Amino acid sequence: MELLFEMTCLADVKFACLDTETTGLDPQKGGRICEVALSVSQNGQTLETFSTLVNPAIPMHPEVVAIHGITNEMVAAAPTFAEILPRLLSMLDGCVFVGHNTKFDLDFLRAETDACGWHLPPYPTLDTLLLARKNGRFERNNLGVVATTLGINADGAHRAMADVQMTQKVLYRFLQQFIQVGVMTLEEVQSYQFKKHPLVRLESAAKLRNDSPLFYNL
């Protein structure tokens with residue numbers, strides 16, 4: 001008997017773009033979240049945003065502060081991760097988790113959630129870094145270069161909300177290009193994180209058409 005799998009139209013998907021700033025590179029080596037930002041969108045329209053500094057309860061090394069500019073003084077009066085966790089889980093519910101290198105952010109979220117005695121659900125994911133690597137032609141695949149190449153303002157990089165806004169815009173530019181060659185479902189786009197689409201070149205915004213079946217105006 002043939003099994004039929006339901007496919008999810010991209011227009012029906014809620015995407016939750018999330019970014020964290022941290023005290024280190026590895027939560028297993030003591031790294032903690034010191035800032036988090038999240039933007040939920042559907043069909044190109046932003047539905048809800050959230051951004052906050054987080055008190056990591058440990059001092060940050062000057063080398064880390066030099067990257068994101070978040071100082072110990074800035075987070076001293078910020079909420080703990082446990083205090084913001086219910087809001088994050090509520091916003092992420094029913095969404096596809098999106099990031100530029102989702103593993104990094106999910107690893108930190110999972111570690112922080114576990115430390116609170118909660119469980120992070122297994123969200124479906126879409127990674128703009130994987131899409132860029134497999135289907136793009138960028139000088140480098142970091143978020144700032146990808147965004148700039150696509151004509152997206154990269155000011156404020158390495159702060160959580162600025163990176164979230166860049167990621168969301170990059171996501172919809174990528175989706176536009178997939179849609180224009182007939183890729184219309186979430187599952188199809190997810191598959192092209194790991195294989196190259198023969199007709200897609202995620203290298204610029206120059207060839208985007210405003211009359212594509214689903215047009216994202218961000």
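Is Phe50 buried or exposed, going by its relative accessible area? That was my opening look-up today, in a model that is predicted.

**Entry 1: Phe50**

I found Phe50 in strand 3. Its relative accessible area is 14%, and since buried means under 20%, Phe50 counts as buried. Next I asked which residues Phe50 is in contact with, leaving aside neighbours within four places in sequence. The list has Val36, Ala37, Leu38, Ile84, Arg87, Leu88, Met91 and Met161. I also checked Phe50 against Phe97, which sits 47 residues apart from it along the chain. Their C-alpha atoms are separated by 15 Å.

**Entry 2: the sheet**

I then turned to the strands. I counted 5 of them in an open sheet, ordered 3-2-1-4-5, with mixed pairing. Strand 3 (45-53) and strand 5 (125-127) are the edge strands, each pairing on one side only. On average, neighbouring strands of this sheet are turned by 20 degrees against each other, direction ignored.

How many bridges join strand 4 to strand 5? I noted 3, with strand 4 covering residues 96-99 and the two strands running parallel. In one bridge, Gly99 has Asp127 of strand 5 as its partner.

**Entry 3: helices across the sheet**

I looked up what lies over these strands. Helix 5 (residues 128-135) lies across strand 4 and strand 5, and runs at about 50 degrees to strand 5. Helix 7 lies across strand 1, strand 2 (33-42), strand 3, strand 4 and strand 5. Against strand 1, helix 7 runs at about 145 degrees.

**Entry 4: Thr102**

Asp127 came up again when I moved to Thr102, a residue of helix 4. Thr102 touches Phe97, Leu126 and Asp127, not counting residues up to four places away in sequence. I read 8% relative accessibility for Thr102; the cut-off for buried is under 20%, so Thr102 counts as buried.

**Entry 5: the largest pocket**

Which residues lie nearest the centre of the largest pocket? I wrote down Glu21, Ile67, Phe104, His158 and Asp163, out of 24 lining residues. The space in this pocket comes to about 630 Å³. By class, I have 8 nonpolar, 11 polar and 5 charged residues in the lining.

I also sorted the lining by element. Strand 1 (14-22), helix 1 (62-68), helix 4 (102-115), helix 6 (143-149) and helix 7 (160-180) each supply at least two of its residues. Helix 7, then, appears twice in my notes: across the strands of the sheet and in the lining of the largest pocket.

How values were computed
Residues are numbered from 1 along each chain as its sequence is written. This is a predicted model: local features need pLDDT of at least 70, side-chain atom pairs count only at pLDDT 80 or more; totals for chains, interfaces and linings use all residues. Side-chain values use heavy atoms; hydrogens and water are left out. On a 1 Å grid over the protein atoms alone, a cavity is a set of points where a 1.4 Å probe fits but cannot get out, and a pocket is an open set with protein on both sides within 12 Å along at least five of seven lines; lining residues have an atom within 4 Å of a point. Grid points are joined across faces, edges and corners, and a volume is the space filled by probe spheres set on the points. Helices (H or I, at least four residues) and strands (E, at least two) are DSSP runs, numbered from the N terminus. Ala, Val, Leu, Ile, Met, Phe, Trp, Tyr, Cys and Pro count as nonpolar, Asp, Glu, Lys and Arg as charged, and the others, Gly among them, as polar. Two strands pair if DSSP finds at least two bridges between them. Axes are lines fitted to C-alpha atoms, for helices over the stretch in contact, and angles run from 0 to 180 degrees between N-to-C directions. Contact means heavy atoms within 4.5 Å. Buried means under 20% relative accessible area, exposed over 50%, partly exposed in between (1.4 Å probe, protein chains only).
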